[in-house]
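Please look through the sequence and the 3D structure shown below before reading on. The briefing that follows takes up strand pairing, nonpolar cores and one charged residue in turn.

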Amino acid sequence: MKKIFFLVVVSIIATFVFGQKSSIPHLEKNGNTTRLIVQGKPFLILGGELHNSSTSGAAYMRPLWDQMKRKNLNTVIAAVYWEMVEPQEGKFDFTLIDSMIYGARKSDLHLVILWFGTWKNGYSMYVPGWVKNNTTRYPRAKNKDGESFQMISALSNAAMKADANAFKMLMKHIRTIDEKFQTVITVQIENEMGIFGPPRDYSDDANQAFNNQVPDDLLKYLSANKAKLQPEIDSAWKANGNKTSGTWEEVFGKSTYDGKNWQALSYLPEELFTVYHYAKFTGTVAAAGKEAYPLPMYVNAWIKQPGMGYPGKYPAGGPIPHTLDIWHAVAPAIDFISPDIYVSQKDARYTIEQYHRPGNPVFIPEFRPGPQSASEAFWVYGQHDAICFSPFGIDQTKPEDDPITKTYAVLSQVTDLILQNQGKGTMVGIYVDSSEKVQTFQLNGYTVKAELMGGSLAELAGYAPRTKPVTMAGGIVIAMGPDEFIIVGKDFSLSMVPLENDPAKPLLDVEYLDEGTFNNGKWITTRRLNGDEGTGGGDYGFGFSNNKTAVMRFQKNANGDCSIIRYKIYKYK
Ligand code: DGJ
């Protein structure tokens, strides 16, 4: 009896201790996917990033939280500035972060905070005055002629320590006021770091380090992970004999430059060297912050893209996906690397695919705001198991004018469903537009063709108002069981053909077709769609071609909302 009592007490204490620990927001592996856990439950960030200066004044930011809530965000991404947190060395002021946290919390919003520390878009623009004015203690990166750049050198240990100290104090403060509430759920370290111009720093320290041996920590990582290195680093290392010692050029080869192909890895050894130092620096800052409060932490990139295809054109030293192994090797406190995306859909797709690698979940802190983002959000959650999507400058537009408001209105109903289907092969994200009108895939025993929807028959016949031609659409398709689907979105159609033709039941029809909502994860049917809105209408609902291809079309509604549709197909003879 005594023994049982003892075991019960031990298990209560253990639950309390470990339960407390695991209740801090953290990342959790789930098969091939990574999920963010908040208040003990998987959480999908429906985000938006505020303009850079929006959180620099308490009164200015006060009305923003309500505006963000009305945009159906669940998380706001917002900056905290070193210059305002530590205006004098060793004197800290947390008034602004307090305003942010209390304001967001009151509106039932979470926060991802951006630590604008040593670098913002390459430059050292947010460091306090006492850092700016002391170039002896905090030296700048230099060009080949020995002239200073504005940005502090990533090889500056003094800057790294000062930044790490300020960040640690910030995280300690956040833990004190927020651990219980978990308003702050993730932290970005610096912002789009790197050097513009040359692919590396040419200060004396940097020259010496570049011509010296590749540091042991990186070489050891390469040897220990030989079988699972990313292809870009693996092939550069292999092509130069898998050396376990040598200079950067001996280990990774001499630089090449290909001005015609933006995807080529121009100036690779210099870039890896530069990334190594930025990763060491930011990894140290992140580790200091995690000592105080170990929230998930990441770094973001000004991405490699057409017209900016080599390091120096995009900031050299930033977290570009072909450098991921370096981040893993020397910055273990950085949990993942992220892209900021302001490019065409074709290049956005390529970028997201590049960042979605083993050990690196998709988390997009910045995406070009506007209609593209409203369709893209569906695609990244449905197709790439993204933890976060977030249009930039989210406070620029009113909720009623921003297309993301309608996207998040529907996505916020299905976040649990999305999380449950991640990594299972039961969910597909859709993005179609006027240049790529069709997306084809296999799901749940069907070949499915998603297509941008044209005008409806009713519009052509004149009894429905003519709408503007649709130029892009996004959505998610989820397999709920044999022949049963949920689709979320608008403005696209799905043509579905069974992968295998069953001669005993070669024909298709719809068993049921419902429109509905999710309330706290529970499906609620709002309408049974049939007749004009089902198989009888021809415009929306179900159509069949030869009774062998089922075609599902979203019904348009007057205010352009997205819908959630649930249906089941049956087969007959
Ligand atoms: C990318 C930066 O990371 C943001 O802070 C902001 O400056 C945007 N560019 C502006 O487009």
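In this predicted model, strand S20 (residues 507-519) pairs with strand S24 (residues 563-572) in the antiparallel sense, and eight bridges join the two. The points below begin with S20 and its partners, and then turn to other parts of the chain.

**Strand S20 and its partners**

- Within the pairing of S20 and S24, Tyr512 stands opposite Lys568, which belongs to S24.
- S20 is also joined to strand S21 (residues 522-528) by six bridges, and these two strands run antiparallel, with Gly516 standing opposite Thr525 in S21.
- S20 and S21 form a hairpin that has two residues between the strands, and Asn520, which is in the turn, has a positive phi of about 50 degrees.

**Strand S16 and its partners**

- In a regular strand the side chains alternate between the two faces of the sheet.
- Strand S16 (residues 446-452) shows such an alternation, with Tyr446, Val448, Ala450 and Leu452 pointing to one face and being buried, whereas Thr447, Lys449 and Glu451 point to the other face and are not buried.
- Strand S15 (residues 438-443) pairs with S16 in the antiparallel sense over six bridges, and the bridge partner of Gln442 is Thr447 in S16.
- S15 and S16 form a hairpin with two residues between them, and in its turn Asn444 has a positive phi of about 55 degrees.
- S16 pairs with strand S19 (residues 492-498) as well, in the antiparallel sense and over seven bridges, and here Tyr446 stands opposite Pro498 in S19.

**The nonpolar cores**

- The largest nonpolar core has 129 residues, and those with the most contacts inside it are Ile113, Phe252, Tyr381 and Leu411.
- Helix H12 (residues 268-292) gives the most to this core, contributing 12 residues.
- Because domain 1 (35-211 + 266-412) and domain 2 (429-572) both give residues to this core, it lies between them.
- Leaving aside neighbours within four places in sequence, Leu411 is in contact with Leu46, Ala377, Phe378, Tyr381, Ile418 and Ile476.
- A second, separate core has 29 residues, and Leu443, Val477, Leu529 and Phe542 are among them.

**A buried charged residue**

- Glu366 has its place in strand S12 (residues 363-367).
- How far from Glu366 is the nearest side chain of opposite charge? That side chain, Lys120, is 6.6 Å away, and Glu366 is buried yet has no salt bridge.
- Not counting residues up to four places away in sequence, Glu366 touches several residues, including Glu49, Asn191, Glu192, Asp340 and Phe392.

Definitions and conventions: Residues numbered from 1 in each chain as written. Predicted model: local features only at pLDDT ≥ 70, side-chain atom pairs only at ≥ 80, totals over all residues. Heavy atoms only, no water. Helix = DSSP H or I, 4+ residues; strand = E, 2+ residues; numbered from the N terminus. Buried < 20%, exposed > 50% of the residue type's maximum accessible area, 1.4 Å probe, protein only. Lys, Arg positive; Asp, Glu negative; His and termini not counted. Salt bridge = Lys/Arg side-chain N within 4 Å of Asp/Glu carboxyl O. Contact = heavy atoms within 4.5 Å. Pairing = 2+ DSSP bridges. Core = buried A, V, L, I, M, F, W, Y, C linked by side-chain atoms within 4.5 Å. Domains from an automatic or database assignment.
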